[in-house]
Amino acid sequence: MKKIIYSIFIFAATVVACTAPQKTADYEVIPLPVSVQRAGDTFFVLEDGAVISYPEENEKMAKNAQFLVSYAKESAGLDLKAGGPSGQITLELGLDSSNKEAYELTVSDKGVVIRGASEAGVFYGIQTLRKSLPLMDRGTVFLPAVKISDEPRFRYRGMMLDVSRHFFSVEEVKTYIDMLALHNINRLHWHLTDDQGWRIEIKRYPKLTEIGSKRAQTVIGRNSGEYDGIPYGGFYTQEQIREVVAYAAERYITIVPEVDMPGHMQAVLACYPELGCTGGPYKVREKWGISSDVLCAGNDKTLQFVKDVLEEVVGLFPSEYVHIGGDECLKDEWMRCPKCQNRIRQLGLANDAQHTKEQKLQSWFVADIEHFLEEHGRRLIGWDEILEGDLVAPNATVMAWRDLRYGMTAARLHHDAIMTPSSHVYFDHYQDLDQNEPLAIGGYSSVGRVYNYEPIPSDLEPELRHHILGVQANLWTEYIPTFSHAQYMVLPRMDALCEVQWTPAGTKDYGAFCNRLNKMLHFYDKLGWNYAKHIYKVSADFALDQEMEGIKVSLNTVKGGEIYYTLDGSEPTIKSLRYTAPFVVQDKVVVKAMAVHDGIPQTVMSENLSYDNKISGIELLQEPHRSYRFNGASTLVDGLTGMQNYRTGRWLGFCGKDLEAIIKLKSETEISKVGFNTCVATSDWVFDVRQAIIEVSEDGIHFKKVAEESYPAMTSNDAYVKHYDLLFETVKAQYVKVTLVSEHSIPAFHGGKDHPGFIFVDEISID
Ligand code: TNX
């Protein structure tokens, strides 16, 4: 029977093919659904004129049907019709699931049914159907019979957009919302205010937009000291805000507004200087970084101002959550300000081992705002600094950005948390190490790094894991002046993000994701959205094999590409070795690889590997910092050398601790030199080595010192990679212990004075 149906299909397809193009849909979508089950060999033929039926009294379902009409047109050039009693496509409610965003998509030879646990669930089913359609301008689509059952892993799936540092128009923000909708993201965190510009009309304080939305000029590059001399500004009227909120809501996206306080408020102080500790004068900030000009917490007028503003914000945004920032509030002014100190005394706040009295003043401030929001039926979200102080707003939700640890601390204090760590999901960071990348703030988060991020910390107690509400990526826009650039930074990292947010962790697979990504990139081309093309290059994975017998090289590219490579340093061409499977190298080699997509050669990837066959193992005696552990000890002897960026996974970072490693050689060997590299970036509190000690042993127990060197403390800011060699008289050894002492007390020239600094180390060599 199946065979007959299939033959009829082939026949039908051929007949139709004579008149109009026909293509088959796949269900290879991003985010990967929970379950996709093919339901036999039958197909449904979707053609122009097909009708979408839905419960007509339900406005949201009517809107869902209209979305499907426009999506089908946009992807496949199909002309579907919304409305009618019994359509070939049925949208319905009533799926029995405790997850309100769940849906089921069923295709049989009779038609398509999308059934949701809510209208939002139906919307996600529509997104899956939309992404399954072939990309063409017109024609007929064969939908293979299938049953897809799907629901999101996390209920908070966010993307942040900073419109203060650079402003994006209403139309651009709507496109951003469209990008979110395509990826089943349900929260837009809108960062509306910051030192460099206030972007939301507040009726009671008109100067906020008259003065606060404009800066006289903008710094060039990374706070170079030179300015462009060009006035910059922009803001949204309340009417425009309502329009954007409604646009998002139709797409099941809640906008979480952020008014960042009490720091990041220099634009407000430029308008109302009496709200600052010194009274000014102030101006809207023209450079990046953290300002010490913050709201005065000792002034009752300040709290009144904040509440007045939030009152209007609450009126505009129906979101349950309101974000009040709370990050990077320097306390310099508060320490000097009589009003702030007076408030501290009145409240009886005092320094203790954990927190300063000024930190406690901030937590009092935040708790007061939380109380106000709760009176208005809302809940407060703040950046993880709101955990500082002992008056942490009792019901606050914490956005963990500085370190994963803060998400865990929040959960252990029984607060909800949203994971948004700068180590993985800061989309203002570099996504590729290519020299030609547009200038970014720094950092490193490749598509792969984002994809492999696991938001539930493995050491968080199972009974507290429900406090992790979800995941969000942030787009800070200091270095992102245009919307096209914003899209470039976000796509396709948003694809990786949405699988972290939606797909069950156990079914994720990076290689399979890259294959599915290919179609999304074509979709972006069709929609005219800019995106980063690195993913078309070869992405290489190098790993020491278990027994350390060589470096295993795996090369990847998105679906459809072919990879050619060389191992002799020559440039690869299509006549070079063709890559088919991972291989192992056991020497010093240069791997150069190139992907070819649709006949177009992509930029060559090149890597120097220096496998050392003397080494059989390495053990660390002190733990690296939790954010900079990467692949652990073997990172130091894996034949891969770290470059100028310390976050790539090639460097191990230690803070308050030292690198202390024992390297085991395969057999007793004559040695006379140990080398290593350090990566320094004092602006990020990363300092150079202070002392190096080399010891050797024959049994791994009794060590003898063979070299020791001390290095002076740094005296000014710097960023570099440096190679060190320690030479000593030839000795025979099977174990080599390397101790590299970090900067335990940051020197006085630096803002981190007296705190411990980081040390980043890579590639220890033994000769
Ligand atoms: C830190 S993340 C900030 C922002 C910057 C960002 C740049 C956070 C809560 N604060 O003000 O734009 O770094 O990556």
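Which residue forms a salt bridge with E499, and how far apart are the closest N and O atoms? The partner is R516, and the closest N and O atoms of the two are 2.4 Å apart. The pair links distant parts of the chain, with E499 in helix α15 (residues 493–502) and R516 in helix α16, 17 residues apart. Both E499 and R516 are buried.

**Confidence of the model**

This is a predicted model. The protein chain has an average pLDDT of 94, and 97% of the residues score at least 70. Residues 1–7 stay under a pLDDT of 50, and the model gives this stretch 5 contacts beyond four places in sequence. Residues 10–17 are also below 50, with 4 contacts beyond near neighbours in sequence. Where pLDDT is low, the predicted coordinates should not be read in detail.

**Salt bridges**

Side chains of opposite charge can pair when their charged atoms come close. The structure holds 45 salt bridges. Three of them are listed here.

| Pair | Closest N to O distance | Burial |
|---|---|---|
| E499 and R516 | 2.4 Å | E499 buried, R516 buried |
| D432 and K537 | 3.1 Å | D432 buried, K537 buried |
| R690 and E743 | 3.1 Å | R690 partly exposed, 28%; E743 buried, 5% |

The side chains of D432 and K537 meet in a salt bridge. D432 lies in the loop between β19 and α13 (447–451), and K537 lies in the loop between α16 (510–527) and β21 (539–544), so this pair ties together parts that are 105 residues apart in sequence.

R690 and E743 form another salt bridge. R690 sits in the loop between β31 (659–681) and β32 (691–697), while E743 sits in the loop between β34 (719–741) and β35 (758–766), so the parts tied together are 53 residues apart in sequence. R690 has a relative accessible area of 28% and is therefore partly exposed. E743 counts as buried because its relative accessibility is 5%, and buried means under 20%.

Salt bridges also join into a network, which links K63, D178, E250 and R251.

**A buried lysine without a partner**

K131 belongs to helix α3 (residues 119–132). What is the nearest side chain of opposite charge to K131, and how far away is it? The nearest is D495, 7.3 Å away; K131 is buried yet has no salt bridge. Leaving aside neighbours within four places in sequence, the residues in contact with K131 include V29, I30, P31, L182, H183 and N184, as well as K519 and M520.

**Nonpolar cores**

The largest nonpolar core has 167 residues, of which L91 and L143 touch the most other members. Not counting residues up to four places away in sequence, L143 touches several residues, among them A25, Y27, F43, F44, V107, V112 and L129. Another core, of 32 residues, lies apart from this one and includes L652, F654, V689 and V696.

**Helix α12**

Helix α12 covers residues 404–412, and its buried residues are Y406, G407, M408, A410 and A411. These buried residues pack against three strands: β18 (397–400), β19 (417–419) and β20 (468–475). At the start of α12, a side-chain oxygen of D403 comes to within 2.8 Å of the backbone nitrogen of R405. Just after the helix, H414 has a positive phi of about 65°.

Notes
Residues numbered from 1 in each chain as written. Predicted model: local features only at pLDDT ≥ 70, side-chain atom pairs only at ≥ 80, totals over all residues. Heavy atoms only, no water. Buried < 20%, exposed > 50% of the residue type's maximum accessible area, 1.4 Å probe, protein only. Helix = DSSP H or I, 4+ residues; strand = E, 2+ residues; numbered from the N terminus. Contact = heavy atoms within 4.5 Å. Polar contact = N/O pair within 3.5 Å; in protein donor to acceptor, adjacent residues only side chain to side chain. Lys, Arg positive; Asp, Glu negative; His and termini not counted. Salt bridge = Lys/Arg side-chain N within 4 Å of Asp/Glu carboxyl O. pLDDT = per-residue confidence, 0-100. Core = buried A, V, L, I, M, F, W, Y, C linked by side-chain atoms within 4.5 Å.
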